Amino acid sequence: MDSTQPLLLPRSDGVVPGVVDFRGGPASRASTGRWSAAMFVLGVEIAERFAYHGVSANLISYLTGPLGESTAGAAAAINAWSGVATMLPLLVACVADAWLGRFRTIVLASILFVLSMGMLTLSSSLPAFHSDGCGSFFTTHAANCTPSPVQVAIFYVSLYLVALAEAGHKPCAQAFGADQFDQGHREESVARSSFFNWWYFGMCSGTAATTVISSYIQDNIGWGLGFGIPCLVMVVALAMFLLGTRRYRYYTSTQSSPFARLARAFVALLTGSKSGHDDAEFSAEHREEVSGLLRLFPIWATCIIYAVIFSQSSTFFTKQAGTLDRRIGATFQVPPAALQTFISLTIMTFIPVYDRLFVPAARRFTRLSSGITMLQRIGTGLVLAMVAMAVAALVEAKRLGVARDAGLVDQPKVPLPMSLWWMVPQYVLFGLSDVFAMIGLQEFFYDQVPDALRSIGLAFFLSIFGVGHFLSSFLISAIDGATQKSGGESWFANNLNRAHLDYFYWLLAGLCAVELVAFVVVSRVYVYKKRVSHHDNNVAVM
């Protein structure tokens with residue numbers, strides 16, 4: 001997993017090569033890009049996280065409450081939806097790189113977020129969408145209202161429109177933010193490396209805020225208001241993003257669309273034909289793009305179980321927390337979904353530590369500007385994810401024991417005499433794992449793809465989690481059916497006091513151990529991409 005960093009030499013500070021400003025003219029280095037532009041992009045991403053997690057963080061409570069779905073069915077539905085949301089970026093990123101551009105895609109995705117969140121708000125609150133007419137912005141209606149077929153249909157249409165909006169935002173916003181830093185400029189190259197850390201810090205701040213605020217409102221005031229507030233936040237964020245239009249750098253490309261280039265290159269690779277000078281020139285350039293993507297596949301494949309593990313924090317963890325003693329003081333009850341805040345808080349706490357303390361300390365030993373290589377960072381995250389699932393299994397075994405000892409096995413609605421703080425360590429470990437693996441994967445799939453395919457590279461990264469969510473949904477459905485057929489209780493029974501989530505967590509920990517071995521093997525033979533610096537005809541030495 002070793003790599004050598006590029007040697008970046010000084011260059012003149014006039015215009016940025018290959019970049020235009022909002023008028024289409026040469027982009028001045030002094031007046032465009034860098035952090036002053038990236039902060040606008042970061043702002044809209046924080047709002048997008050607030051909106052998306054305002055739906056996803058507590059979604060299992062809405063599905064098993066107002067919509068009346070089973071625990072296993074709700075978890076499978078959420079994983080399927082999350083899978084679509086993280087697979088669609090592959091298609092949307094191609095459209096963005098080929099026709100719309102990243103800036104326009106972000107604007108359109110933000111508008112779609114506003115529309116879909118507005119539809120969710122209406123479907124959950126207007127009396128016309130409930131068979132008994134009792135909907136309201138200010139009611140949780142978990143037990144007293146019956147959802148009509150119209151409400152369920154509009155809810156799921158809105159939910160998948162949110163997934164489409166997410167697909168536009170995820171690869172394009174991050175790539176557009178990173179585009180504000182010139183990788184061929186010494187100072188900006190260093191700043192871009194830090195950008196990925198602070199980007200994730202901003203994402204987590206939005207996630208933490210909505211997990212606390214929205215989940216409390218949804219559980220205690222009303223789902224309509226709980227979905228409506230993220231919608232308003234997205235409106236404000238879109239306006240702020242547009243204010244930065246004059247500051248942004250817009251990368252131009254004279255190449256054909258990613259669809260056309262990749263399709264032609266795949267055909268050329270399969271046929272191995274060269275018909276004339278033009279085709280030979282095409283083979284020397286465009287085949288490299290396909291090869292550049294294909295060589296990332298082993299890393300992609302050995303991170304799938306990490307993505308399966310990642311999906312558990314917003315489903316089964318939340319249902320477990322709902323069975324515990326969540327009291328703080330005499331009257332306040334912590335919303336179950338609010339425990340996810342510990343993931344975000346851990347990330348927000350540790351990213352500055354990683355960026356300002358760990359990297360400089362590691363740099364003294366490795367002599368790498370990033371402290372450790374991207375693959376070493378990802379591998380560390382996989383180890384932490386495996387440990388997190390082992391801890392989660394032990395805590396769940398403890399919870400089941402408390403239920404038996406207290407005689408509450410068949411009283412699932414009675415809080416167990418076990419504090420919710422028992423679950424905090426597994427959330428903290430999830431957060432630490434994300435600091436290493438999640439950010440490492442983002443930087444890896446942005447940095448290691450051909451320059452013209454960076455949105456696709458980040459979409460390729462997101463597809464890890466799409467496949468992981470789908471695999472999680474499949475595992476849950478298959479295990480649920482298999483354990484019920486055997487005559488016993490399902491591992492995912494609606495009464496969690498009779499379920500066996502601990503078995504499921506041990507299974508995931510074991511699969512992660514196998515995946516880790518495979519990851520180490522493919523990482524040791526991986527060769528990092530060579531870069532060419534923009535520094536006045538000087539080549540970056542790898």
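This note goes through confidence, overall make-up, the sheet, the cavities and one buried proline.

1. **Model and confidence.** This is a predicted model. Mean pLDDT for the chain is 82. A score of at least 70 is reached by 84% of the residues. Confidence peaks in helix H18 (residues 501-524), at a mean of 96. The lowest value belongs to helix H9 (residues 258-271), at 59.

2. **Weak stretches.** Residues 274-278 have pLDDT below 50. Beyond near neighbours in sequence, that stretch makes two contacts in the model. Residues 533-542 also stay under 50. For residues 533-542, however, the model has 35 contacts beyond four places in sequence. Where pLDDT is low, the predicted coordinates should not be read in detail.

3. **Overall make-up.** The chain has 542 residues, and 56% of them are buried. It contains 18 helices and five strands. Take the contacts between residues at least 6 apart in sequence: 80% of these join residues at least 24 apart.

4. **The sheet.** Three strands make an open sheet, ordered E2-E1-E3, with antiparallel pairing. Strand E2 (26-28) and strand E3 (250-251) are the edge strands. Each has a single partner strand, so one side of each lacks a neighbour in the sheet. Strand E1 (residues 15-20) is joined to E2 by two bridges. In that pair, Val 15 sits opposite Ser 28 of E2.

5. **Cavity count.** How many cavities of 30 Å³ or more does the structure hold? There are three. The largest has a volume of about 530 Å³. The second largest has about 40 Å³.

6. **Largest cavity: who lines it.** The lining of the largest cavity counts 30 residues. Nearest its centre lie Arg 49, Tyr 52, His 53, Phe 310 and Met 438. Elements giving two or more residues to this lining include helix H1 (34-56), helix H3 (71-87) and helix H6 (149-178). Helix H7 (186-220), helix H14 (341-366), helix H16 (424-447) and helix H17 (454-485) also belong to that group. H7 gives the most, with five residues.

7. **Largest cavity: chemistry.** What is the lining of the largest cavity made of, by class? It has 13 nonpolar, 13 polar and four charged residues.

8. **Second largest cavity.** Its lining consists of Glu 45, Lys 170, Gln 174, Trp 199, Met 203, Gln 442, Phe 461 and Leu 462. H6, H7 and H17 each supply at least two of the lining residues. H6, H7 and H17 also each give two or more residues to the lining of the largest cavity. By class, the lining of the second largest cavity has four nonpolar, two polar and two charged residues.

9. **Pro 230.** This proline lies in helix H8 (residues 223-243). Is Pro 230 buried or exposed? Its relative accessibility is 0%, so Pro 230 counts as buried. Leaving out residues up to four places away in sequence, Pro 230 touches Phe 50, Ala 51, Gly 54, Met 117 and Ser 214. Pro 230 and Val 55 are 175 residues apart in sequence. In space, their C-alpha atoms are 8.6 Å apart.

10. **Points to carry forward.** For any work on the largest cavity, the residues nearest its centre include Arg 49 and His 53. The residues with pLDDT under 50 include 533-542.

Methods:
Residues numbered from 1 in each chain as written. Predicted model: local features only at pLDDT ≥ 70, side-chain atom pairs only at ≥ 80, totals over all residues. Heavy atoms only, no water. 1 Å grid on protein atoms, 1.4 Å probe; cavity = no way out; pocket = protein on both sides within 12 Å on 5 of 7 lines; lining within 4 Å. Points joined across faces, edges and corners; volume = space filled by probe spheres on them. Helix = DSSP H or I, 4+ residues; strand = E, 2+ residues; numbered from the N terminus. Nonpolar A, V, L, I, M, F, W, Y, C, P; charged D, E, K, R; others polar. Buried < 20%, exposed > 50% of the residue type's maximum accessible area, 1.4 Å probe, protein only. Contact = heavy atoms within 4.5 Å. pLDDT = per-residue confidence, 0-100. Pairing = 2+ DSSP bridges.
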